[in-house]
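Please walk through this structure with me, from one residue out to the whole chain. Keep the sequence and the coordinates side by side.

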Amino acid sequence: MKLFVVIMVVLVCGGCVTKNVVKLQPEQLQRKIAAGEVFTPGEYVTVGTAAGEKQSLKVVAVNDVELIGDKVKIPIDTIVSVETREATLLGTTAGVAVGLTCGYLLMAIPAAVIAKLALAGL
C-alpha cells in the first residue's frame, strides 16, 4: 500500500506541470526576450545567466533591457537559457483524481478494518 501511495505521489507531481526549455542560441534568445516574444507576465520561469547562475521567478514585466521578476531584475544581455513551466489541464485533473482516490483509500480501508474488529468484539 505504501508503495502504491509513493508511486501515485510521484506521478501526480510529474503530471501537473510541463517544463519547456526554449532552445535558442543566447543572442537569438536575448533578441526574442527584448521583443517580448518569450515571456508572459504571470508566468513562472527559470532563467540561466552567463555567470552560470539559475534564477526561478514569476515574470512581472519585460522591457528591452531587463526581465523584471517578482523579487529580481535580470539584464537581458546576461540571459543564456530559459525554462518555462505550464500547468496542464490533464495533469491537474489526474492529480486531483488520484489524490482524492488515495485519500479515500487511506481512510476507508482502516475504517473498514476497525469496524470489522469492533463487530467481532475484539
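**From Lys-54 to the whole chain**

Start at Lys-54. Setting aside neighbours within four places in sequence, Lys-54 is in contact with Thr-46, Val-47 and Gly-48. Lys-54 itself is found in strand S3, which covers residues 54-62. The three partners fall in strand S2 (44-49). The model is a predicted one.

Is Lys-54 buried or exposed? Its relative accessible area is 63%. The cut-off for exposed is over 50%, so Lys-54 counts as exposed. Another distance helps to place this residue. The C-alpha atom of Lys-54 is separated by 9.0 Å from that of Ser-81, and the two residues are 27 apart along the chain.

Now turn to Glu-43. This residue lies in the loop between helix H2 (26-34) and strand S2 (44-49). Its relative accessible area is 16%. Buried means under 20%, so Glu-43 is buried. What does its side chain lie 2.9 Å from? A polar atom of the Glu-43 side chain is at that distance from the backbone nitrogen of Thr-40. Beyond four places in sequence, Glu-43 is in contact with Val-38, Leu-57, Lys-58, Val-59 and Thr-84.

Next comes the nonpolar interior. The largest nonpolar core has 13 residues. Among those with the most contacts inside it are Ile-33, Phe-39, Val-47, Leu-57 and Val-82. Helix H2 and strands S2, S3 and S6 (79-87) each give two or more residues to this core. In soluble globular proteins, nonpolar side chains tend to be buried together.

Val-82 shows how this core is joined to its surroundings. Leaving out neighbours within four places, Val-82 is in contact with Asn-20, Val-21, Val-22, Leu-29, Ile-33, Val-38, Phe-39 and Thr-46. Two of these, Ile-33 and Phe-39, are also listed among the core residues with the most contacts.

Step back to the whole chain. Its secondary structure comes to three helices and six strands. Along the sequence the pattern reads α-β-α-β-β-β-β-β-α. Of the contacts with a separation of 6 or more, 55% join residues 24 or more positions apart. Buried residues make up 21% of the 122 residues. The chain exposes about 8300 Å², and carbon and sulfur atoms supply 65% of that area.

Last, confidence. The mean pLDDT of the chain is 79, and 66% of the residues reach 70 or more. Among the elements, strand S5 (residues 73-75) has the highest mean pLDDT, 96, and helix H1 (residues 2-15) the lowest, 57. Where pLDDT is low, the predicted coordinates should not be read in detail.

Note on methods: Residues are numbered from 1 along each chain as its sequence is written. This is a predicted model: local features need pLDDT of at least 70, side-chain atom pairs count only at pLDDT 80 or more; totals for chains, interfaces and linings use all residues. Side-chain values use heavy atoms; hydrogens and water are left out. pLDDT is the predictor's confidence in each residue, from 0 to 100. Helices (H or I, at least four residues) and strands (E, at least two) are DSSP runs, numbered from the N terminus. Buried means under 20% relative accessible area, exposed over 50%, partly exposed in between (1.4 Å probe, protein chains only). A polar contact is a pair of N or O atoms within 3.5 Å; within protein, one must be able to donate a hydrogen and the other to accept it, and residues adjacent in sequence count only if both atoms are side-chain atoms. Contact means heavy atoms within 4.5 Å. A nonpolar core is a set of buried Ala, Val, Leu, Ile, Met, Phe, Trp, Tyr and Cys residues joined through side-chain atoms within 4.5 Å. Accessible areas come from the Shrake-Rupley method with a 1.4 Å probe; for residues, only the protein chains shown count as cover.
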